[in-house]
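The following questions and answers go through one protein model, from its strand pairing to its charged side chains. Please keep the sequence and the coordinates at hand while reading.

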Amino acid sequence: MARQFFVGGNYKMNGTIKSIQDIIHHLNDAKLDPKTEVVIAPPALYLLLAREHLRQGIEVAAQNVFDKPNGAFTGEISAEQLKDSGIGWTLTGHSERRVILGEEDNFIANKTKAALAGGLGVILCVGETLEQREANKTIDVVTTQLKAVEEQVKDWSKIVVAYEPVWAIGTGKVASTEQAQEVHAEIRKWLSSTISKEASENTRVIYGGSVSEKNCRDLAKQADIDGFLVGGASLKPAFVDIINARA
């Protein structure tokens with residue numbers, strides 16, 4: 001069975017009530033490829049606003065989740081609270097949280113496990129820095145990040161893996177279609193050898209890193225690219241073109 005194309009929009013720390021309502025109205029009115037699963041991740045303050053106004057068929061993700069169900073953890077949100085609020089997805093492992101906030105592989109694995117246990121789908125982000133790529137360590141870095149999660153999670157049916165080369169996020173630089181496909185194929189090979197053949201065949205592996213309406217169609221043609229995690233472009237009308245990259 002073919003893997004369903006998946007497009008996520010990560011708004012990061014951008015947006016206001018007005019601008020997010022405008023984006024949502026545009027999505028609600030747009031003709032979107034019905035074969036593509038669409039999830040948007042606004043800042044936490046606007047999750048309920050997004051869920052309230054989005055039409056059925058478009059899901060909402062948190063950008064972050066904590067690894068405990070409740071308690072004295074100031075500033076954090078649990079998987080149970082997200083689920084209770086009608087939020088079905090969360091990101092984990094985004095490079096901005098790994099680099100800026102110092103989140104390590106084990107903590108990301110714990111958060112992924114907690115999110116799945118709380119009934120959420122997880123967009124698990126992995127990727128290498130430019131220095132690591134130039135040292136030919138890309139596959140080692142990515143599989144090490146994945147291995148940390150595998151040690152905690154055996155059922156990957158609700159995980160979407162997002163490969164985001166750190167050097168391409170928000171820089172305008174994009175991995176070539178060949179570079180992206182190569183890493184995606186290696187991730188799928190790792191899934192097959194480490195998790196199961198079924199996981200390799202069924203797990204969506206999506207690409208992120210300066211995805212735009214200009215490069216999305218070529219990337220979408222690659223055998224092992226099952227969609228995109230879109231940053232800045234998800235705040236623009238062109239996000240619809242990216243959703244429809246395979247239409």
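Q: Over how many bridges do strand 1 and strand 2 pair in the parallel sense?
A: This is a predicted model, in which local features need pLDDT of at least 70 and side-chain atom pairs count only at pLDDT 80 or more, while totals for chains, interfaces and linings use all residues. Residues are numbered from 1 along each chain as its sequence is written, and side-chain values use heavy atoms, with hydrogens and water left out. Strands are DSSP runs of E with at least two residues, helices are runs of H or I with at least four, and both are numbered from the N terminus; two strands pair if DSSP finds at least two bridges between them. Strand 1 (residues 5-10) and strand 2 (residues 36-41) meet this criterion in the parallel sense, with V7 standing opposite V38, and the number of bridges is six.

Q: What twist, on average, separates one strand from the next?
A: Eight strands, in the order 1-2-3-4-5-6-7-8 and with parallel pairing, form a closed barrel. From one strand to the next the twist averages 25°.

Q: At about what angle does helix 5 run to strand 5?
A: Axes are lines fitted to C-alpha atoms, for helices over the stretch in contact (heavy atoms within 4.5 Å), and angles run from 0 to 180 degrees between N-to-C directions. Helix 5 (residues 105-117) lies across strand 4 (89-92), strand 5 (121-126) and strand 6 (159-163), and its angle to strand 5 is about 165°.

Q: Is D226, the salt-bridge partner of R3, buried or exposed?
A: The side chains of R3 and D226 meet in a salt bridge (a side-chain nitrogen of Lys or Arg within 4 Å of a carboxyl oxygen of Asp or Glu), at 3.0 Å from N to O. The pair links distant parts of the chain, 223 residues apart, with R3 in the segment before strand 1 and D226 in the loop between helix 10 (216-220) and strand 8 (227-230). Buried means under 20% relative accessible area, exposed over 50% and partly exposed in between, with a 1.4 Å probe and protein chains only. R3, at 22%, is therefore partly exposed, whereas D226, at 3%, is buried.

Q: Which residue forms a salt bridge with R98?
A: R98 counts as buried because its relative accessibility is 13%. Its partner is partly exposed at 25%, and the closest N and O atoms are 2.8 Å apart in the salt bridge between R98 and D105.
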